[in-house]
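The following exercises concern the surroundings of a ligand and a patch on the protein surface. Please study the sequence and the structure before reading each solution.

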Amino acid sequence: MFFQKEIETMPRSKIRELQLERLKWTVAYCYENIPFYHKRLSDAGVTPDKIKCLSDIQYIPFTTKADIRDTYPFGLFGKPLKEIVRIHASSGTTGKPTVVGYTRHDLDVWSDCVARLCTAVGTTDEDIVQISFGYGLFTGALGLHYGLEKIGATVVPASSGNTQKQVMLLKDFGVTALVSTPSYALYMSEVAKEMGVSNDELKLRLGLFGSEGCTPEMRMQVEKGFGLFATDNYGMSELMGPGVSGECEHRCGLHINEDHFLAEVIDAQTGDVLREGESGELVVTTLTKEGIPMLRYRTKDITRLHYEPCACGRTFARMEKTTGRTDDMLKIRGVNVFPSQIESVLISLENIGPHYQLIVRREGYMDTLEVRVELIDSSLLDHYGALEQMQKTIKSKLHTVLGIDCKVSLIEPKSLERFQGKAKRVIDLRGQGNA
Ligand code: DLL
């Protein structure tokens, strides 16, 4: 199903034509309206007339999160506040948040982009959709909210938290689709079981998940939890919020809304642009944004791009599910470790649950990694032999995948923290004195 079929199935030559026209507009807009970009572009010797074809984008310097922080709060806005009708922000782990602003036109484009990805996985005006993202400065809730209203779905703005009440609403309202992070959906399904609410009493058929990574193995757990079809959509506040890309019902990559975003993948170390299918950091240029346009924004998310048409008929490029962020990568004794690699190993094993935590410590000059994972059945804790055997198996599988030794701790079911937003599974204690 399509929300804007003509655009979503445009021939690639037409997409590229449109992107070039809009890239020229964006570069000129930034150059003329935003002193930061005027200087950045001038310093790099780029004037708007230098952009003659799409590959000329390579002359434009990258923009980073630090640039948004350094111009806090409104320094990168392309319009006076009088024309900004909404502000969102993402809470950084340290210091000031990253602030973004939307004109009325931006909000319109945003809801179209979200309406497309919801429609692509089969959401219709018949659906009752519960939004269990936190409402507020975070873009997730209001982003999905307006897109879903645009297609006529019945929106339940539950927000996050109070999980028992969330379950009650799912049941009483006959909710058919759930919007949340995959980790919160998993937790919610556990709470539903505890409350004695079985999947037969629910009408949930679809999960519109996003805002955090989730391995295919974890996705299966989430699907099992609620007995639904889980789909993935991607975005970030700096670029818009949700709505940058989303899966269709074939789930073979996330279609990028290429009429509004121009995507590249670069080698994170050298900055070189990589070819189709090569894995690297996603860099995105907005093509229609007025409030806070972004030129070659470094997302830090790792993915690959594919351009061949999809079985669904969409011609927009697809990005693979991200495998992590360049800044998620843990360097442990010189070895690069992505939490998603560990997640895949853990979830494929029997008797342990999908909840885990990674603790990195520095002991003397040595980095150590402890993988804590919940058992499904606590009675195993009384069987020392079986426990030891299981630990050994997990350790050896992790060693095969990661190439390093780690400590494996099997712990009581339901003893790890659960998350209502993005999961935080890595605790890096290095650099904290005698951690
Ligand atoms: O998380 C926007 C969003 C909300 C997307 C709801 C989808 C649904 P931020 O809080 O700025 O924005 O976080 C952006 O979250 O750079 C990724 O690292 C991560 N992320 C977002 N969606 C996905 C996804 C929103 N589907 C950061 N898979 C991004 C993996 C994701 N990571």
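**Exercise 1.** Describe the shell around the ligand by residue class and by element.

*Solution.* The model is a predicted one.
Step 1: sorted by class, the shell holds 11 polar, 6 charged and 5 nonpolar residues.
Step 2: in total, 22 residues surround the ligand, and the closest are Asp232, Asn233, Ser237, Asp301 and Lys422.
Step 3: strand S7 makes the greatest contribution to this shell, giving 5 residues.

**Exercise 2.** Identify polar atoms of the protein that lie within 3.5 Å of N or O atoms of the ligand, and state how much of the ligand the protein buries.

*Solution.* Step 1: Ser211 places an N or O atom of its side chain 2.9 Å from a ligand oxygen.
Step 2: a polar backbone atom of Gly213 is 3.5 Å from a nitrogen atom of the ligand.
Step 3: in Arg325, a polar side-chain atom is 2.9 Å from an oxygen of the ligand.
Step 4: the ligand taken alone exposes 610 Å², of which the protein buries 92%.
Step 5: two or more shell residues come from each of helix H6 (139-150), strand S7 (229-236) and strand S8 (241-247).

**Exercise 3.** Is Phe74 buried, partly exposed or exposed, and of which surface patch is Phe74 a part?

*Solution.* Step 1: Phe74 is located in the loop between helix H4 (65-70) and strand S1 (84-90).
Step 2: the relative accessible area of Phe74 is 33%; since partly exposed covers values between 20% and 50%, Phe74 is partly exposed.
Step 3: together with Leu81, Ile87 and Leu137, Phe74 forms a nonpolar surface patch with about 340 Å² of accessible area.

Notes: Residues numbered from 1 in each chain as written. Predicted model: local features only at pLDDT ≥ 70, side-chain atom pairs only at ≥ 80, totals over all residues. Heavy atoms only, no water. Patch = residues over 30% accessible without salt bridge, like charges linked within 9 Å, V, L, I, M, F, W, Y side chains within 5 Å. Areas by Shrake-Rupley, 256 points an atom, 1.4 Å probe, with all protein chains shown as cover. Salt bridge = Lys/Arg side-chain N within 4 Å of Asp/Glu carboxyl O. Helix = DSSP H or I, 4+ residues; strand = E, 2+ residues; numbered from the N terminus. Buried < 20%, exposed > 50% of the residue type's maximum accessible area, 1.4 Å probe, protein only. Near = heavy atom within 4 Å. Polar contact = N/O pair within 3.5 Å; in protein donor to acceptor, adjacent residues only side chain to side chain. Nonpolar A, V, L, I, M, F, W, Y, C, P; charged D, E, K, R; others polar.
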